[in-house]
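This report walks through a protein fold, its nonpolar cores and its charged pairs. Keep the structure in view while reading.

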Amino acid sequence: MSFNIKQGLFQFDFEDHHAILGVPLDADFNTIRKRYMLIARRLHPDSSKAESPADKKLATQLLSKLANPAYSKLTTESTRAEQGVLLGMMSKRLVQEKDKVKLKSEAAQQLLKSQNLEKDYQESVAKLGKQAYETLNQTLETIGQLSELNLVYLQRKESQGETVGKPAADKKSAKSAASGKKKAEESPTPQPVVAEAKADEEKSAPSKIDNYCRRAENFIAGGDFDGAVNELKEGLKIQPKNSRAHGLLGQAYLKKKQSTLAKVHINQALKLNPQEESALEAQKELQKQIQKAAKEKDKKSPLATFFGSLLGGKKKK
């Protein structure tokens with residue numbers, strides 16, 4: 001099944017990944033990750049609440065063909081930077097071809113006239129984003145409406161002389177890098193090359209393991225738990241004390257029905273960071289599995305069988 005969306009930026013043959021995930025164009029990594037995890041839980045076969053076979057199939061396809069690729073594009077450094085450049089180019093095109101822009105949704109038309117662009121844009125995207133995957137047969141329409149909001153936002157920002165191209169988090173990083181460079185230039189004592197290399201390596205480690213974690217989340221959402229385990233093991237070689245990686249590894253092992261290994265990594269993650277979301281989620285799931293196993297064990301015990309036969313068994317004639 002192919003998904004054909006003709007509203008918003010899609011009408012210009014632009015794949016609007018932000019609209020697919022229901023996040024604003026300036027969303028940072030954490031916002032994108034949280035939103036994706038909600039979508040993945042709603043669409044994945046193991047956690048989807050879809051009842052009919054047709055809805056289950058649609059949920060799986062929405063996850064594999066829309067949500068997963070969008071998440072990968074917005075969280076992989078190279079493609080994320082590329083997306084920023086494309087958004088900047090699209091902004092200019094929208095201003096030049098404003099007469100060709102077609103808006104169907106009321107939300108986009110209201111945003112076009114809004115006196116408080118930033119506030120109304122953020123609120124509208126948040127509202128529609130929550131609705132996007134609640135009713136599966138309306139998902140594509142909602143994504144189209146989200147893309148219309150993005151279109152209006154880009155067009156108006158460009159008209160004001162503000163090109164949208166980099167998320168706030170990236171701008172902050174660039175600003176920090178520029179500040180660090182300026183301080184280094186002003187420093188009277190040059191730093192040893194070895195020390196600089198070591199510092200660069202330490203700084204790059206968190207971003208490298210973040211990539212491993214994002215790929216692992218994709219594998220978990222897609223049901224490839226072995227792939228997730230392999231990614232996380234490689235990531236932990238770079239940064240052994242990363243709580244998120246340990247928490248995700250706990251989740252992957254739970255899905256593989258390896259509760260002992262899951263418990264080891266869940267405990268390690270919470271030891272490193274008691275507030276680690278991935279570990280807390282895995283811990284809840286582990287407790288459910290333990291309780292379920294205990295109930296099943298009680299039902300199968302000889303004593304339970306004996307009393308069951310006394311209370312509910314039929315006498316043989």
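## A buried acid

At 17% relative accessibility, Glu231 counts as buried. The model is predicted. Which residue forms a salt bridge with Glu231? The partner is Arg215, and the closest N and O atoms are 3.0 Å apart. Arg215 counts as partly exposed, at 36% relative accessibility. Glu231 falls on the buried side because its 17% is under the 20% cut-off.

The two residues sit 16 apart in the chain and link distant parts of it. Arg215 belongs to helix H9 (residues 193–221), Glu231 to helix H10.

## Helix H10

Helix H10 covers residues 225–238, 14 residues in total. From first C-alpha to last, H10 reaches 20 Å, close to the 20 Å expected at 1.5 Å a residue. Asp224 caps the N-terminal end of H10. One of its side-chain oxygens lies 2.9 Å from the backbone nitrogen of Gly227.

Which residues of H10 are buried? They are Phe225, Gly227, Ala228, Val229, Glu231, Leu232, Gly235 and Leu236. H10 also holds a salt bridge of its own: the side chains of Lys237 and Glu234 meet at 3.0 Å, N to O. These two residues are 3 apart in H10, about one turn of the helix. Lys237 is exposed at 61% relative accessibility, while Glu234 is partly exposed at 37%.

## Overall fold

The protein has 14 helices and 0 strands. Read from the N terminus, the order of elements is therefore α throughout, as helices and strands are assigned here from DSSP runs. Of its 317 residues, 40% count as buried.

Contacts reach far along the chain. Among those between residues at least 6 apart in sequence, 71% join residues at least 24 apart. The exposed area is about 19,300 Å², with carbon and sulfur atoms supplying 53% of it.

## Nonpolar cores

In soluble globular proteins, nonpolar side chains tend to be buried together. Here, the largest nonpolar core has 49 residues. Leu21 and Tyr36 touch the most other members. Helices H1 (17–21), H2 (29–43), H3 (53–75), H4 (77–96), H5 (106–113), H6 (117–131) and H7 (139–159) each give two or more residues to this core. H3 gives the most, with 9 residues.

What does Leu21 contact, leaving aside its neighbours within four places in sequence? Its contacts are Ile32, Arg35, Tyr36, Ile39, Ala67, Ala70, Tyr71 and Leu74. A second, separate core has 22 residues, including Ala228, Leu248, Leu249 and Leu286. Ala228 is also one of the buried residues of H10.

## Other charged pairs

Side chains of opposite charge can pair when their charged atoms come close. The whole structure contains 13 salt bridges. In one of them, the side chains of Glu281 and Arg41 meet at 3.5 Å, N to O. This pair links distant parts of the chain, 240 residues apart. Glu281 lies in helix H13 (residues 277–300), Arg41 in helix H2.

Are Glu281 and Arg41 buried or partly exposed? Glu281 is partly exposed, with a relative accessible area of 32%. Arg41 is partly exposed as well, at 37%.

Salt bridges also form a network. Its linked residues are Arg33, Asp210, Glu217 and Arg244.

Note on methods:
Residues are numbered from 1 along each chain as its sequence is written. This is a predicted model: local features need pLDDT of at least 70, side-chain atom pairs count only at pLDDT 80 or more; totals for chains, interfaces and linings use all residues. Side-chain values use heavy atoms; hydrogens and water are left out. Helices (H or I, at least four residues) and strands (E, at least two) are DSSP runs, numbered from the N terminus. Buried means under 20% relative accessible area, exposed over 50%, partly exposed in between (1.4 Å probe, protein chains only). Contact means heavy atoms within 4.5 Å. Accessible areas come from the Shrake-Rupley method with a 1.4 Å probe; for residues, only the protein chains shown count as cover. The expected span of a helix is 1.5 Å times one less than its number of residues. A polar contact is a pair of N or O atoms within 3.5 Å; within protein, one must be able to donate a hydrogen and the other to accept it, and residues adjacent in sequence count only if both atoms are side-chain atoms. A nonpolar core is a set of buried Ala, Val, Leu, Ile, Met, Phe, Trp, Tyr and Cys residues joined through side-chain atoms within 4.5 Å. A salt bridge is a side-chain nitrogen of Lys or Arg within 4 Å of a carboxyl oxygen of Asp or Glu.
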